[in-house]
Amino acid sequence: MISLFFLSFLLLTFLWNLYYAAHWNKRLAVTLDFLQDFVYAGEQAEMTEQIENRKKLVLPILEVAFHVDKRLSFHDCENTSVSDFTYKRDIFALLGYQRITRKLTLNCPRRGCYRIGQSYLTAFSLLYHRRFSIEIPADTQLYVYAARTNVTDILMTCQRLTGSIQCAKRLYEDPFAYSSIREYTVTDPMKTINWKASARTGELMVNTFESTHMEKVLLFLDVEDNGILKYEYLTEDAISVAASLAQKMITQGMEVGLCTNITRTRDADQIMHTYLSPASGQKQLAAIERLLAEHRSDVKVLPLPALLHSLDQQADLPQDMIKIFISKNAIQNHSAIEAFTGREQQAVWVVPCPRKEPCPVQTSGNIRLILREVTDI
């Protein structure tokens, strides 16, 4: 009798394990999603981890695992480990037709584009004799934009070369730069009539606006760091300067472009550069921020002299733009920058350098040199 009971128990356990192995992952959904599209370096981001069991079968133990770039860290270090990635493993117990959502907080100390491509689910059979695992694709990403830095001294140096300048010469009227009201003439369009003022005076009156001249600014960012001694912190400061200048100038209504030896390909045989023509608006700022966030220090880049030489061949390059160079490689790029700028054009060159180390070059009078002493943290 005892043997029969024992055999029945083993048979039921075997059949249950077969059924569980075939159905545990049916109608089981896992969703990983960052709650923000972007944050700035040094801030925190949040993501949700949602598991939904859309069947009657109970899952007493379900392990959900995924990994992110090790430059990100979870605020709650429970069930996490760090090696080549930051690994996160959480344990759930799911009843039938149950959904569980957890919110996770991540620390984002460094610029980058971070993606989660898959998650891994693990369940166990009755009495934990067998282990079942599957991989579920995930598609979520977070941009960590370059940290903001103080660029007041650079903006003050560029003050006469940048900005939206209200001028007497009528280039075009800015509908947001209101000036005054005057009497209507036959050459005025109907849309400029101020009907309230016309009703008060009994005569047609029109609004007049200031004329605005929009300056074009092109930022030349050099991220090359191929020397024997690596100065990654100087490159990061250069990227922060470019991002901060772009944000300040676009916020002021200027047209800002970016030319950089950051490449968008991981192919070592295709060393390219990126050129974003000057434009205004938040869409342009987002394009610049994302490009700067995607740069990785392990990708080989085109030297700045070669980049400037290739730009000389472009006939569509605006000639009335203001040039701002951002490069720590003073000796290598000195001659190329002066040749590209010429003797008659004004330009600004921002040089991030280690603290208390003098800059080894001097520029001609039309290029204003700004040294930024940076401390390695």
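A: Let's start with one word: a residue is buried when its relative accessible area is under 20%, exposed when that area is over 50%, and partly exposed in between. Keep in mind that we're looking at a predicted model.

Q: Okay, then how do I read D90: buried or exposed?

A: D90 has 3% relative accessibility, which is under the 20% cut-off, so D90 counts as buried.

Q: Which side chain does D90 meet in a salt bridge?

A: For a salt bridge, look for a side-chain nitrogen of Lys or Arg within 4 Å of a carboxyl oxygen of Asp or Glu. Here D90 pairs with R102, at 3.8 Å from N to O. This pair links distant parts of the chain: D90 belongs to strand β7 (residues 85-94), R102 belongs to strand β8 (residues 98-108), and they are 12 residues apart. R102 is partly exposed, because its relative accessible area is 33%.

Q: How many salt bridges does a search of the whole structure find?

A: The count is 13. One of them joins D69 and R71, whose closest N and O atoms are 3.2 Å apart.

Q: Is D69 buried or exposed?

A: Check the cut-off again. D69 has a relative accessible area of 19%, so it's buried. Its partner R71 is at 21%, so R71 counts as partly exposed.

Q: What does R296 form with D298?

A: Another salt bridge, with the closest N and O atoms 3.6 Å apart. R296 is partly exposed at 32%, while D298 is exposed at 59%. Salt bridges can also share partners, and that is how E52, R54 and R99 end up in one network.

Q: Let's try contacts. Which residues does I136 touch?

A: When you read a contact list like this one, skip residues up to four places away in sequence; I136 then touches L28, V30, Q118, S119 and L121. You'll find I136 in strand β10 (residues 131-145), and it counts as buried because its relative accessibility is 15%. I136 and S119 are 17 residues apart along the chain, yet their C-alpha atoms are separated by 5.3 Å.

Q: And Q118, where does it lie?

A: Q118 is part of strand β9 (residues 112-124). With 22% relative accessibility, Q118 counts as partly exposed. Leaving aside neighbours within four places in sequence, Q118 is in contact with F66, H67, E135, I136, P137 and A138. Try one more distance: from Q118 to D139 it's 21 residues along the chain, and 7.3 Å between C-alpha atoms.

Q: How about pockets: how much space lies in the largest pocket?

A: About 670 Å³. To read a pocket, ask who lines it. Here 25 residues do, and the closest to the centre are P109, R110, E232, Y233 and E236. Helix α4 (residues 232-251) supplies the largest share of the lining, with five residues.

Q: Last one: which residues make the nonpolar surface patch?

A: L11, F14, L15 and L18 do, and together they make a patch of about 390 Å². To place it along the chain, find F14 in helix α1 (residues 2-23).

How values were computed
Residues are numbered from 1 along each chain as its sequence is written. This is a predicted model: local features need pLDDT of at least 70, side-chain atom pairs count only at pLDDT 80 or more; totals for chains, interfaces and linings use all residues. Side-chain values use heavy atoms; hydrogens and water are left out. Patches are made of residues with over 30% relative accessible area and no salt bridge: like charges are joined within 9 Å, nonpolar side chains (Val, Leu, Ile, Met, Phe, Trp, Tyr) within 5 Å. Accessible areas come from the Shrake-Rupley method with a 1.4 Å probe; for residues, only the protein chains shown count as cover. Helices (H or I, at least four residues) and strands (E, at least two) are DSSP runs, numbered from the N terminus. Buried means under 20% relative accessible area, exposed over 50%, partly exposed in between (1.4 Å probe, protein chains only). Contact means heavy atoms within 4.5 Å. On a 1 Å grid over the protein atoms alone, a cavity is a set of points where a 1.4 Å probe fits but cannot get out, and a pocket is an open set with protein on both sides within 12 Å along at least five of seven lines; lining residues have an atom within 4 Å of a point. Grid points are joined across faces, edges and corners, and a volume is the space filled by probe spheres set on the points.
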